[in-house]
Each structure stands twice: as structure tokens, then as C-alpha cells.
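Modeller: I would like to learn how to read a few features from a set of atoms. Please give the general idea each time, then the case at hand.

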Amino acid sequence: MTRAREFTAACLLGFAFVGLPLAWADAGHDHGPAPATVGGSALPRFSAESGDFELVGVLQGQQLALYLDHAADNRPVKDAKLELEIGGTKVAVKARGEGEFEATLAQPLKPGVISVQATVVAGVQSDLLAGDWEIAAITPTDANPGRPAWKTYAAWGAGGLLALALLLGWGVIRVRGSRPSAIGGAA
């Protein structure tokens with residue numbers, strides 16, 4: 001009976017040695033306050049407004065979607081004409097719908113702060129909207145920062161399985177060694 005207890009104690013000790021390193025927290029795994037996360041990458045955008053109008057531009061690649069609203073109530077501006085200048089270069093703008101416009105940039109925008117000016121003519125109202133657009137530099141980032149790669153998990157799993165196999169092998173040898181030999185017994 002004592003051999004069974006020794007084997008059980010050895011197994012528990014082996015599991016403790018295998019499980020403890022998995023429970024240790026390393027950098028980024030301390031279960032402190034979670035960092036703010038973003039649902040996805042935000043597209044570069046700018047906004048410019050005056051007392052009458054608000055213009056928002058959203059850039060995707062070299063396609064620029066523009067949305068023109070009344071500043072007071074966010075209603076789309078009907079039958080408006082829009083002239084746009086980005087970084088001192090005029091950009092051709094096409095009406096796409098009520099308060100919606102589109103433009104195609106001749107070349108990608110370079111990172112930095114770029115001036116934006118828009119002239120809006122809507123019926124008897126006209127206005128000049130101006131603002132700055134900050135284009136961030138695109139840097140390659142890890143797809144899942146703060147998480148070990150699958151190879152890390154595989155290495156821990158392989159190490160755990162090896163430790164378990166060694167422990168079970170040791171236990172089998174101990175149990176077999178404690179049994180009396182059947183060969184050469186009394187007649």
C-alpha cells in the first residue's frame with residue numbers, strides 16, 4: 001500500500017512541477033487592467049466645419065469619400081457644389097448623392113499634417129471650410145501583440161507531455177520493482 005501512496009505523491013508532485021510554470025505570469029500576462037482595444041484599423045479621416053456646414057472626408061487607399069452636412073442638425077446638404085484642395089493641390093470631386101461626394105487622389109498621401117480647404121456653394125449659401133489632416137505613418141505591427149505565438153504553446157505542451165511520460169515511466173519501474181519475482185519461486 002505504501003508503494004501506491006508513493007506513486008500517487010510522485011504523480012501529484014510531477015503535475016505540480018509541470019503546472020507551476022504555466023501559471024507564472026510574464027510581461028503582459030499579469031491580469032492587471034486590460035488595455036483599451038480598437039475593433040479594427042480606423043481609416044484616415046478629416047473634418048472641417050463652419051457655422052453653416054460640416055465636411056468629413058474618409059480615405060481608403062486613394063479613394064476619398066466626402067460627406068457634407070448642415071452644422072446645425074447634420075442634415076445632408078442638397079444640391080451642393082464642392083471644390084476641394086488638399087495640400088495645395090486641387091482635387092476633382094464628383095457628386096455621389098445628397099451630401100455625398102467622391103474623389104480619387106492622383107497619388108497616396110504622405111505621412112504628416114496636410115492642409116485641406118473646401119469651397120461649398122449650396123443655393124444662396126457659400127462658405128470656405130479649412131482644416132488640417134494628420135496622416136499617420138503606417139507601421140507593420142504584430143497581428144496579436146502581447147500573446148505568445150502558437151509555437152510557445154506547442155513547446156510548453158511538448159515539455160509537459162515529456163515530463164508526464166518520464167514520471168509515469170518512473171512510477172511503472174517503481175511498481176514493478178516492488179513486486180516479488182515469480183521466477184524461481186518455492187516448489
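Modeller: Which side chain meets that of E100 in a salt bridge?

Biologist: Side chains of opposite charge can pair when their charged atoms come close. A salt bridge here is a side-chain nitrogen of Lys or Arg within 4 Å of a carboxyl oxygen of Asp or Glu. For E100 the partner is R96, at 3.6 Å from N to O. This is a predicted model, in which local features need pLDDT of at least 70 and side-chain atom pairs count only at pLDDT 80 or more, while totals for chains, interfaces and linings use all residues. Residues are numbered from 1 along each chain as its sequence is written, and side-chain values use heavy atoms, with hydrogens and water left out.

Modeller: How many salt bridges does a search of the whole structure find?

Biologist: Three. E102 also pairs with R96, at 3.8 Å from N to O. Shared partners thus join R96, E100 and E102 into one network. D73 bridges to R75, with the closest N and O atoms 2.6 Å apart.

Modeller: Why does D73 count as partly exposed?

Biologist: Relative accessible area decides: buried means under 20%, exposed over 50%, and partly exposed in between (1.4 Å probe, protein chains only). D73 counts as partly exposed because its relative accessibility is 41%. R75 falls in that class at 46%, R96 at 40%, E102 at 32% and E100 at 31%.

Modeller: Is H70 buried or exposed?

Biologist: H70 is buried, because its relative accessible area is 16%. H70 lies in strand 3, residues 63-70; helices (H or I, at least four residues) and strands (E, at least two) are DSSP runs numbered from the N terminus. Contact means heavy atoms within 4.5 Å. Beyond its neighbours within four places in sequence, H70 contacts D52, F53, R75, P76, V77 and Q125.

Modeller: Which residues have the most contacts inside the largest nonpolar core?

Biologist: In soluble globular proteins, nonpolar side chains tend to be buried together. A nonpolar core is a set of buried Ala, Val, Leu, Ile, Met, Phe, Trp, Tyr and Cys residues joined through side-chain atoms within 4.5 Å. The largest one has 25 residues, and L64 and L68 have the most contacts inside it. Strand 8 gives the most to this core, five residues. Among the residues that L64 touches, setting aside those up to four places away in sequence, are F46, L84, I86, F101 and W133. E102 is one of the others on that list.

Modeller: How many helices and strands make up the secondary structure?

Biologist: Two helices and nine strands. Along the sequence the pattern is α-β-β-β-β-β-β-β-β-β-α.
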